[in-house]
Amino acid sequence: MALFLSTYVNKLDKKARISVPAQFRATLSAESFQGLILFRSYKHASIEGCTMSRMERMSQSIDSMDLFSDSQEDMASAIFADAHQLPIDSDGRITLPQELIEHAGLDTHVAFVGRGATFQLWHPDVFAHTQANARNRMKIEKPTLKLSDTQKA
């Protein structure tokens with residue numbers, strides 16, 4: 001399984017090109033499509049990112065929903081109709097579509113934020129604020145995590 005870790009801030013050039021962090025590119029090397037799938041977050045002013053194999057799993061999950069239900073239709077429209085399949089060029093860069101740049105309020109720099117099996121792209125200042133809020137909620141709520149039994153030790 002692909003695993004995206006850490007946060008990297010890279011420069012977005014005037015042609016909307018940005019270098020994909022080397023660690024993210026290494027994670028993609030085992031994938032059949034060695035590019036990124038990006039779509040607008042429906043929860044945050046950020047961009048959701050994942051591998052093609054993750055998108056296939058998401059498709060299977062949406063297919064398991066009630067056929068033609070509003071939830072299934074909304075989920076498919078919000079994710080798949082909005083997704084961009086972006087190849088990584090020989091210099092390790094992608095070109096971000098303008099609608100994604102506008103949705104996330106990106107300008108000169110972009111934070112690539114690892115989230116395990118997925119990642120997000122944020123305006124660095126907005127992410128810093130969001131991350132601080134998440135840490136504060138965790139201090140108050142003190143959530144715990146149970147490790148999945150599906151992984152072998």
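Two strands are said to pair if DSSP finds at least two bridges between them. In this predicted model, β3 and β4 form a hairpin, with 6 residues between the two strands.

The hairpin belongs to an open sheet of 6 strands, which has the order β1-β7-β8-β4-β3-β5 and antiparallel pairing. At its edges stand β1 and β5 (84-86), each of which pairs on one side only, and the twist from one strand to the next averages 25 degrees. Helix α2 (residues 52-63) packs on the sheet, where it touches β3, β4 and β5, and the direction of α2 makes about 50 degrees with that of β3.

The table lists some of the antiparallel pairings in the sheet.

| Strand pair | Bridges |
|---|---|
| β3 (residues 36-40) and β4 | 4 bridges |
| β4 and β8 (residues 119-122) | 3 bridges |
| β1 and β7 (residues 109-114) | 5 bridges |

Within β4, Ile-47 is the bridge partner of Arg-40, and Ile-47 also has Leu-121 as its bridge partner in β8. Elsewhere in the sheet, Thr-7 stands opposite Val-113 in β7.

In a regular strand the side chains alternate between the two faces of the sheet. For strand β4 (residues 47-50), both faces are covered, with Ile-47 and Gly-49 buried on one side and Glu-48 and Cys-50 buried on the other.

The segment before β1 (7-11) contains Leu-5. Because its relative accessible area is 53%, Leu-5 counts as exposed, the cut-off for that term being over 50%. Together with Met-1 and Leu-3, Leu-5 makes a nonpolar surface patch of about 360 Å².

Conventions. Residues are numbered from 1 along each chain as its sequence is written. This is a predicted model: local features need pLDDT of at least 70, side-chain atom pairs count only at pLDDT 80 or more; totals for chains, interfaces and linings use all residues. Side-chain values use heavy atoms; hydrogens and water are left out. Buried means under 20% relative accessible area, exposed over 50%, partly exposed in between (1.4 Å probe, protein chains only). Patches are made of residues with over 30% relative accessible area and no salt bridge: like charges are joined within 9 Å, nonpolar side chains (Val, Leu, Ile, Met, Phe, Trp, Tyr) within 5 Å. Accessible areas come from the Shrake-Rupley method with a 1.4 Å probe; for residues, only the protein chains shown count as cover. A salt bridge is a side-chain nitrogen of Lys or Arg within 4 Å of a carboxyl oxygen of Asp or Glu. Axes are lines fitted to C-alpha atoms, for helices over the stretch in contact, and angles run from 0 to 180 degrees between N-to-C directions. Contact means heavy atoms within 4.5 Å.
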